[in-house]
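User: I would like to go through the contacts in this structure and the rules behind each term. Please set each value against its definition.

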Amino acid sequence: MSKIKQLSVFMENKKGELSDVMTLLSQNNVSIKSINLVDSADFGILKLIVDDEQKTKHILDDAGFSVKITDVFAVAIDDHVGSFHEVVSVLSQNDINIEYTYTVNNGQNGAFVFKVDAGDFQKATEALSKAGVQLLQKI
Amino acid sequence: MIWNKIESSPRETIEQLQLSRLKDTVQRVYALTPFYRHKFEQTGIKPEDIASLKDIKKLPFTTKKDLRAHYPFGLFTVPMSEVVRIHSSSGTTGKPTVVGYTRSDMEVWDEVMARVFTMAGTTAEDIVHNGYGYGLFTGGLGMHNGAQKVGATIVPASSGFTERQLMLMKDFGATILAVTPSFALHMAEVAKKAGPDYLKDYKLKAGIFGAEPTSKGLKEEVSKAWGIDYHEVYGLSEIIGPGVACSCKKSDLLHVFEDHFFVEIIDPATGEEVPEGQRGELVITPLTKQALPLLRYRTGDITSITKEPCRCGRTMLRMESIVGRTDDMLIIGGVNVYPSQIEHVISNAYGVTLNYQIIADKKGYLDKLEIHIEVSDEIVCDNVAQMENIKKSIQAALLSNLYINATVRLVEPRSIERSMGKAVRIIDKRKSDE
Ligand SMILES: [Zn+2]
């Protein structure tokens with residue numbers, strides 16, 4: 001199964017907010033596989049991939065954050081040259097829109113994470129498998 | 001169905017009746033209430049100066065403060081031997097306001113409440129479940145009197161004990177429900193536990209709801225949850241209790257029983273009348289009250305009126321559901337705004353909650369409005385651009401619907417300061433500079 005569970009956390013742009021979240025998670029022994037933060041003038045959305053997304057969601061919910069679990073998929077960066085381009089072209093041939101994508105560093109190999117509309121998820125992963133793109137099982 | 005033919009009489013007939021009753025009321029307070037006589041003398045007004053309905057503008061206003069200052073019976077114009085009933089409004093600060101009724105006042109109250117029940121289609125065949133509290137509060141007994149006047153069967157359930165009320169409604173086959181809208185919704189939530197087809201156990205066809213400000217969304221929810229027509233009743237104890245106005249089957253607006261209550265809409269800041277259709281403070285002069293006649297009572301409620309004919313056949317003017325209180329009104333760059341209007345815009349937005357805070361401030365000479373809104377417990381999208389769009393669409397709706405330029409800020413759940421469990425709605429930083 002190439003479905004990766006990602007946590008999306010709504011965060012106001014306040015000083016120390018990100019480090020507060022990190023402290024909270026480390027105090028609760030959450031192992032963080034990847035972090036990505038995209039922000040606007042007054043808020044941002046923090047995307048986390050962790051070892052146990054349900055437990056982490058509970059911790060963040062209890063701390064009063066607005067959290068959502070989203071399905072994403074990922075490909076290794078150095079799988080072969082042009083893996084990013086290949087994914088994008090397969091998806092566009094199948095009329096699948098990419099909502100967002102970002103890179104993570106997992107160990108020595110980096111990865112590209114992709115988010116598509118939830119309704120297109122299965123179609124996207126099937127098309128990629130058919131095209132021979134190797135999706136990561138986990139980050 | 002119309003209870004009294006005056007409700008659909010030509011406007012000239014209604015206005016003639018109003019004028020003669022207004023003259024009587026003015027004579028009465030001038031002769032019997034030292035408080036009013038003193039005010040007349042101060043401004044040099046004589047009862048004879050009231051020759052047309054327009055002349056009402058010459059009369060002084062009365063406020064809740066005046067009622068409190070004369071606690072408990074200081075403004076009564078009859079001896080206590082003629083007072084047959086006392087009611088009182090809950091005073092959240094200090095003394096409550098006390099009102100009294102003569103036998104004739106009680107008849108007027110029964111009459112207007114009979115009109116309310118008839119508007120909701122109530123006849124002698126109906127069973128009225130009255131879940132308003134019986135007591136000093138006018139809701140319970142006001143409803144009771146009206147239902148009795150039309151000859152319906154009343155179940156005086158009073159408030160509380162939801163499960164037991166539902167049992168009585170089912171077993172007695174109630175057809176008309178009279179409760180506060182929030183309680184009606186709570187009852188529906190409990191009733192739904194019986195399963196998705198819970199409505200099969202009930203025979204309700206209409207409800208008469210009032211006593212608290214209600215958004216359109218809440219009304220629709222109540223109406224849907226019980227599968228009934230929603231009739232909104234308006235009133236206040238200072239004037240009579242419930243029964244000043246009620247919405248009919250053809251319109252969401254509330255017909256005012258003008259032969260007993262003369263209404264004006266004024267600009268709360270200047271006291272001047274505003275044009276028909278424009279919002280302002282509702283001012284009521286009861287025209288037939290004996291025990292406690294008041295002139296131009298300032299309700300503090302914000303609404304607008306229209307004299308356009310209604311499809312139900314009634315000719316009495318209609319007011320819209322109360323949109324706010326004068327105490328809550330904000331003036332932003334010369335535009336009057338009520339928190340309820342802002343709340344309405346927020347309630348139509350996606351991905352946010354109704355926990356919000358309005359912060360008014362000054363930037364140089366200009367008013368600046370910022371609205372913080374808590375996002376929903378689970379964010380609806382995890383894409384920053386889409387979240388930005390939610391924020392922008394709220395800003396655009398505030399500008400196009402309310403003509404206000406506000407900066408919206410999306411904030412984390414439960415981050416807005418709470419007071420007694422409720423989010424603190426308004427912070428006016430401009431006030432501290434005055
Ligand atoms: Zn009507």
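**Domains and chains in contact**

Analyst: The centres of domain 1 of chain A and domain 2 of chain A, taken over C-alpha atoms, are separated by 22 Å. The model is predicted: local features need pLDDT of at least 70, side-chain atom pairs count only at pLDDT 80 or more, and totals for chains, interfaces and linings use all residues. Residues are numbered from 1 along each chain as its sequence is written, chains are lettered from A and ligands numbered from 1 in the order in which they are written, and side-chain values use heavy atoms, with hydrogens and water left out.

User: Where do the bounds of the domains of chain A come from?

Analyst: They come from an automatic or database domain assignment, which gives domain 1 as 4–71 and domain 2 as 72–130.

User: What makes residues of domain 1 and domain 2 of chain A count as in contact?

Analyst: Contact means heavy atoms within 4.5 Å. Ten residues of domain 1 of chain A are in contact with nine residues of domain 2 of chain A. The two domains bury about 800 Å² between them, 59% of it on carbon and sulfur atoms; buried area is the accessible area (1.4 Å probe) lost by two parts on being put together, summed over both. The count of salt bridges between these domains is zero.

User: Why is the pair Asp382(B) and Lys115(A) called a salt bridge?

Analyst: The term requires a side-chain nitrogen of Lys or Arg within 4 Å of a carboxyl oxygen of Asp or Glu. In this pair the closest N and O atoms are 3.6 Å apart, so it qualifies. Between chain B and chain A the count is three salt bridges.

User: Which elements of chain B each supply at least two residues of the side that touches chain A?

Analyst: They are helix H10 (384–402) and strand E20 (406–411) of chain B. Helices (H or I, at least four residues) and strands (E, at least two) are DSSP runs, numbered from the N terminus. The largest share, five residues, comes from H10(B).

User: How much area do chain B and chain A bury between them, and which three residues of chain B supply the most?

Analyst: The two chains bury about 1800 Å² between them, 50% of it on carbon and sulfur atoms. Asp382(B), Val384(B) and Glu412(B) supply 38% of the area that chain B buries against chain A, more than any other three residues. By residue count, 21 residues of chain B are in contact with 26 residues of chain A.
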